Amino acid sequence: QVQLVESGGGSVQPGGSLRLSCAASGSIFSINVMGWYRQAPGKQRELVATIISGGSTNYADSVKGRFTISRDNAKNMVYLQMNSLKPEDTAVYYCKVNGVGSSHRPFGSWGQGSQVTVSS
């Protein structure tokens, strides 16, 4: 079983910055894809950014140039640096990790969610 614990959400004014962190622990053999998703009130959950084990990244068009995803493979952690935040970035942010467990079976786990509120 793999657990994800997020930290770093909060409230910020437009133009401000926040950094989200997500730590994976448990029966992990390897981690392939780490990513961040978000869900705004009344909307479907959407992809924000992903990063694979080799370091390649992918971003939603709405956050390109403002958000940066990174990972620390030694610590099984993924980060999301969010700059130039806009009110439309307000949402609950979830980390997602896909990999292989100690039993050599694939897993996919979600974090508990972190509220990010951008408001003046």
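# A guided tour of the strands, the disulfide and the core

Begin with strand S9 and strand S10 (residues 106-110), which pair in the antiparallel sense over 5 bridges. The model is predicted, and the tour follows its strands from this pair outwards.

**Stop 1: S9 and its partners**

With S9 and S10 selected, look at Lys96, which stands opposite Trp110 in S10. The two strands form a hairpin with 4 residues between them. Select His104 in the turn, where phi is positive at about 65 degrees.

Next, add strand S4. S4 and S9 are paired in the antiparallel sense, over 10 bridges. A convenient place to view this pairing is Gln39, which stands opposite Val92 in S9.

Strand S11 also pairs with S9, through 3 bridges and again in the antiparallel sense. Here the residues to select are Tyr93 and, opposite it in S11, Ser114. If S9 is now coloured by accessibility, the strand appears mostly covered, with 9 of its 11 residues buried.

**Stop 2: the disulfide**

Select Cys22 and Cys95, which form a disulfide with their sulfur atoms 2.0 Å apart. The structure holds 1 disulfide. This pair links distant parts of the chain, Cys22 lying in strand S3 and Cys95 in strand S9, 73 residues apart. The link is right-handed, with 50 degrees about the S-S bond. Both cysteines are buried.

**Stop 3: the sheet S1-S3-S8-S7**

From Cys22, extend the selection to the open sheet of 4 strands to which S3 belongs; the order is S1-S3-S8-S7, with antiparallel pairing. S1 and S7 stand at the edges, each with a single partner strand, so one side of each is left without a neighbour in the sheet. From one strand to the next, the twist averages 15 degrees.

Within this sheet, S3 and S8 run antiparallel and are joined by 6 bridges. Leu18 has Met82 as its bridge partner in S8. S7 and S8 are likewise antiparallel, and 6 bridges join them. Ser70 has Tyr79 as its bridge partner in S8. In the hairpin of these two strands, with 4 residues between them, select Asn76, which takes a positive phi near 55 degrees.

Now display the side chains of S7. Phe67, Ile69 and Arg71 make up its covered face, whereas Thr68, Ser70 and Asp72 make up the uncovered one.

**Stop 4: the nonpolar core**

Which residues have the most contacts inside the largest nonpolar core? Select Trp36, Leu80, Met82 and Tyr93, which hold that place in a core of 31 residues. Among the strands that each supply at least two residues of this core are strand S1 (2-7), strand S5 (46-52) and strand S8 (77-82).

Centre the view on Leu80. Beyond its neighbours within four places in sequence, Leu80 is in contact with residues including Leu20, Trp36, Val48, Ile69 and Tyr93.

Move from Leu80 to Val48, which is found in strand S5. Val48 has a relative accessible area of 1% and is therefore buried, the cut-off being under 20%. Leaving aside neighbours within four places in sequence, its contacts include Trp36, Tyr59, Val63, Phe67, Leu80 and Tyr93. For a distance across the fold, select the C-alpha atoms of Val48 and Thr68: these residues are 20 apart along the chain, and the atoms are separated by 9.9 Å.

**Stop 5: Leu18**

Return to strand S3 and select Leu18. Its relative accessibility is 14%, so Leu18 counts as buried. Among its contacts, leaving aside neighbours within four places in sequence, are Gly8, Gly10, Val12, Leu85 and Val116. Gln81 is another of the contacts; the C-alpha atoms of Leu18 and Gln81 are separated by 6.2 Å, although the residues are 63 apart along the chain.

**Stop 6: Arg66**

The last selection is Arg66, in the loop between strand S6 (57-59) and S7. Is this arginine buried or exposed? At 10% relative accessibility, Arg66 counts as buried. Display its side chain together with the backbone of Ser62: a polar atom of the Arg66 side chain lies 2.8 Å from the backbone oxygen of Ser62. Then show the surrounding residues. Neighbours within four places in sequence aside, Arg66 is in contact with Gln81, Met82, Asn83, Ser84, Leu85, Lys86 and Asp89. Met82 brings the tour back to the core, where it is one of the residues with the most contacts.

How values were computed. Residues are numbered from 1 along each chain as its sequence is written. This is a predicted model: local features need pLDDT of at least 70, side-chain atom pairs count only at pLDDT 80 or more; totals for chains, interfaces and linings use all residues. Side-chain values use heavy atoms; hydrogens and water are left out. A nonpolar core is a set of buried Ala, Val, Leu, Ile, Met, Phe, Trp, Tyr and Cys residues joined through side-chain atoms within 4.5 Å. Buried means under 20% relative accessible area, exposed over 50%, partly exposed in between (1.4 Å probe, protein chains only). Contact means heavy atoms within 4.5 Å. Two strands pair if DSSP finds at least two bridges between them. Axes are lines fitted to C-alpha atoms, for helices over the stretch in contact, and angles run from 0 to 180 degrees between N-to-C directions. A disulfide is a pair of cysteine sulfur atoms within 2.5 Å. A polar contact is a pair of N or O atoms within 3.5 Å; within protein, one must be able to donate a hydrogen and the other to accept it, and residues adjacent in sequence count only if both atoms are side-chain atoms.
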